[in-house]
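Here's a quick tour for anyone meeting this structure for the first time. Have a look at the picture, then read on.

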Amino acid sequence: MPKESGRKVVATNRKARHDYHILDTYEAGIALMGTEVKSLREGHASMVDGFCTFYNDELWMESVHIPEYNQGSWTNHAARRRRKLLLHREELNKISGKIRESGLTVVPLQLYFLDGRAKVEIALARGKKDYDKRQTLREQQDKRESLRELRERNRR
């Protein structure tokens, strides 16, 4: 059987990009059970409420929903269990230091397979205020309107 190559995205957390200012991103491996991997390969996952926390100097991802595998039996996993993220010690120390000193949080952005291995893209982020959210929405709307006007001019 040929080995998978490239990047296959399973789930993205669009809400995180809306609710947070993304400051720095990292790629981490995930410690998964067999039925979780099979469920992810089918493309089932939801990262909407996901967040990451430190327990005993290890980074854990919580509230990410990976549904139970259909053909799984008693070996199936819990859908919203805590999953360990695999990072180098230097990266973990750097992230934990930034979280402690300033009011940052760690959120998962994307869940994907890279060359057959499950990975998650996590980000150091700072929460947006309501006026920041309105401002980004206004900028997106203005950009859309200007592109629409350009398209109409080019048609004439």
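## Starting from one residue

Which residues does Ile122 touch, leaving aside those up to four places away in sequence? Keep in mind that this is a predicted model. In it, Ile122 touches Asp24, Thr25 and Tyr26, and also Cys52 and Leu59. Leu85, Leu87 and Ile95 are on the list too, and so are Val106, Val107, Pro108 and Leu109.

## The main core

Ile122 belongs to the largest nonpolar core, which has 24 residues. Together with Leu85 and Val120, Ile122 touches the most other members of that core. Who supplies the rest? The elements giving two or more residues are strands S1 (7-12), S2 (20-30), S4 (58-62), S6 (105-114) and S7 (117-127), plus helix H3 (89-101). S7 is the top contributor, with 4 residues.

There's another core apart from this one, made of 5 residues, and Ala16, Val107, Ala123 and Ala125 are among them. As a general rule, nonpolar side chains in soluble globular proteins tend to be buried together.

## How the chain is laid out

Zooming out, the chain has 4 helices and 7 strands. If you walk along the sequence, you meet them in the pattern β-α-β-α-β-β-β-α-β-β-α.

Sequence distance doesn't keep residues from meeting, either: among contacts with a separation of 6 or more, 70% are between residues 24 or more positions apart.

## Overall size and surface

The radius of gyration of the chain is 19 Å, while a compact globule of 156 residues would come in near 15 Å. Along the principal axes, the C-alpha atoms fill a box of roughly 60 × 45 × 25 Å.

How much of the chain is buried? Of the 156 residues, 33% are. The accessible surface is about 10,300 Å², and carbon and sulfur atoms account for 46% of that. As for charge, the chain carries 32 positive and 23 negative charges, and their mean positions sit 3 Å apart.

## A glycine in a loop

Now for Gly103, which you'll find in the loop between H3 and S6. Is Gly103 buried or exposed? Its relative accessibility is 69%, so Gly103 counts as exposed, since the cut-off for that label is over 50%.

Gly103 also gives a neat example of sequence versus space: Gly103 and Ala125 are 22 residues apart in sequence, and their C-alpha atoms are 8.9 Å apart. Ala125, remember, is one of the residues in the 5-residue core.

How values were computed
Residues are numbered from 1 along each chain as its sequence is written. This is a predicted model: local features need pLDDT of at least 70, side-chain atom pairs count only at pLDDT 80 or more; totals for chains, interfaces and linings use all residues. Side-chain values use heavy atoms; hydrogens and water are left out. The radius of gyration is taken over C-alpha atoms; the globule rule is 2.2 Å times the number of residues to the power 0.38. Buried means under 20% relative accessible area, exposed over 50%, partly exposed in between (1.4 Å probe, protein chains only). Contact means heavy atoms within 4.5 Å. Accessible areas come from the Shrake-Rupley method with a 1.4 Å probe; for residues, only the protein chains shown count as cover. Lys and Arg count as positive and Asp and Glu as negative; His and the chain ends are not counted. The place of a charge is taken as NZ of Lys, CZ of Arg, CG of Asp or CD of Glu. A nonpolar core is a set of buried Ala, Val, Leu, Ile, Met, Phe, Trp, Tyr and Cys residues joined through side-chain atoms within 4.5 Å.
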